[in-house]
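Reader: I have a structure open and would like to learn how to read it. Could you walk me through some of its features?

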Amino acid sequence: MDAVREWLRQANSVAVLTGAGVSAESGVPTFRGNNGLWKQRRAEDLATPGAFARNPELVWEWYDWRRSVLAEANPNPGHYALAELEKRVSNFTLITQNIDGLHELAGSRNVLRLHGSMWRVRCLACEQERFVRRIPFPTIPPKCECGGTLRPGVVWFGEALPQDVWQAAENAARSAELFLVIGTSAVVYPAAGLAQIAKSSGARVVEINIAETNLSDQIDQFLQGPSGELLPQLIA
Ligand code: BV8
Ligand code: ZN
């Protein structure tokens, strides 16, 4: 922990990649843990364009349920610590795979959302995208003023990440002196590849997780423990 604190003090540019683990202590189920959302294999079947085309009602019921769970969730000390870190480091980029909006709620300003947001919807007809906080939706699937069907503003499996967001994330990983990978199983690509990009560009890579992951043997330092506890200690 002391070494990482020292690296943090010395670093001018820091990039952070977060996954569902940083929201676990906010009561948001992770994807692949034992209480994982994916356990019933629903998520891999539902978070795809095909599933939505076949059964938009079922997919929307799942997202409506997740939005209702998220509406009760508050940022935890880990989210706040990252918002604080952004203020202290001259060149700081927060890249998240999460779609729960808790980083923004905790005060993080420039957040690169690789997989979109649970709170945004996009019209299949007129392509208009907007922020909708309403839970539950009056009708499932929700409709746009233009009459088109709305889809969740998230990136599904098999869908490309928003090009500009991915490019910004890749640039941040390349120019980081210190890269923190927090609360992700590093299973989903291309997000999981950012740690390798950082490492091959000369960054020190530190992982914070309660358990080892596929990345754990390629990184410089593994801090084992809940991010909600370790991150506040790291920036103390
Ligand atoms: C793409 C939004 C190409 C939706 C998500 C076969 C067919 C099709 C595609 C593929 C394929 N094989 C591989 C692929 C690529 C695929 C992929 O990677 N699949 C994986 C499953 C193998 N990727 C894609 O499809 C991506 N797109 O490749 O497009 C392309 C290119 C050009 C043109 C067209 C297409 C898109 C991927 C995005 C998918 N969308 N989410 C929704 O959420 O509903 S992914 C989903 O998984 C979430 O975003 C989540 O964040 C993400 C990753 O999961 P994690 O965040 O890591 O969460 P997880 O539960 O897994 O782990 C939690 C971790 O936290 C654990 O390590 C745990 O130990 C730790 N933890 C728990 N508690 C704590 C903690 N740590 C610290 N403190 C704690 N308290
Ligand atoms: Zn529309």
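**Charged pairs and a bound ligand**

Author: Gladly! This is a predicted model. Counting a Lys or Arg side-chain nitrogen within 4 Å of an Asp or Glu carboxyl oxygen as a salt bridge, the total here is eleven.

Reader: What is the general idea behind such a pair?

Author: Side chains of opposite charge can pair when their charged atoms come close. Take Asp2 and Arg5 here: their closest N and O atoms are 2.8 Å apart, and the two form a salt bridge.

Reader: Why are Asp2 and Arg5 separated by about one helical turn?

Author: Because they sit three residues apart in helix α1, which covers residues 2-10. You can also look at their surroundings: Asp2 is exposed, with 56% relative accessible area, while Arg5 is partly exposed at 24%.

Reader: Where can I look for another pair within a helix, such as Arg88 and Glu84?

Author: Go to helix α6, residues 77-88: Arg88 and Glu84 are four residues apart there, which again means about one helical turn between them. The closest N and O atoms of this salt bridge are 3.0 Å apart. Glu84 is partly exposed, with a relative accessibility of 26%.

Reader: Which residues are linked with Glu84 in a network of salt bridges?

Author: Lys87 and Arg88 join Glu84 in that network.

Reader: How far apart are the closest N and O atoms in the salt bridge of Glu104 with Arg113?

Author: They are 2.5 Å apart. Glu104 is partly exposed at 27% relative accessibility, and Arg113 is partly exposed too, at 30%.

Reader: Now for the ligand. Which residues come nearest to ligand 1?

Author: A good way to read a binding site is to start with the neighbours. There are 35 residues around ligand 1, and the nearest are Phe31, Arg32, Tyr63, Arg66 and Ser185. Helices α2 (21-24) and α5 (56-71) each give at least two residues to this shell, with α5 supplying the largest share, three residues.

Reader: Which atoms of Glu25, for example, lie 2.9 Å from a nitrogen atom of ligand 1?

Author: For Glu25, look to the side chain: one of its N or O atoms is 2.9 Å from that nitrogen. With Phe31, a backbone N or O atom is 2.6 Å from a ligand 1 oxygen. Glu159 also uses a backbone N or O atom, 2.7 Å from a nitrogen of ligand 1. On its own, ligand 1 exposes 1500 Å², of which the protein buries 72%.

Reader: What kind of space does ligand 1 take?

Author: Ligand 1 takes up the largest pocket.

Notes:
Residues are numbered from 1 along each chain as its sequence is written. Chains are lettered from A and ligands numbered from 1 in the order in which they are written. This is a predicted model: local features need pLDDT of at least 70, side-chain atom pairs count only at pLDDT 80 or more; totals for chains, interfaces and linings use all residues. Side-chain values use heavy atoms; hydrogens and water are left out. Buried means under 20% relative accessible area, exposed over 50%, partly exposed in between (1.4 Å probe, protein chains only). A residue is near a molecule or strand if one of its heavy atoms lies within 4 Å of it. A polar contact is a pair of N or O atoms within 3.5 Å; within protein, one must be able to donate a hydrogen and the other to accept it, and residues adjacent in sequence count only if both atoms are side-chain atoms. Accessible areas come from the Shrake-Rupley method with a 1.4 Å probe; for residues, only the protein chains shown count as cover. On a 1 Å grid over the protein atoms alone, a cavity is a set of points where a 1.4 Å probe fits but cannot get out, and a pocket is an open set with protein on both sides within 12 Å along at least five of seven lines; lining residues have an atom within 4 Å of a point. A molecule sits in a cavity or pocket if more than half of its atoms lie within 2 Å of its grid points.
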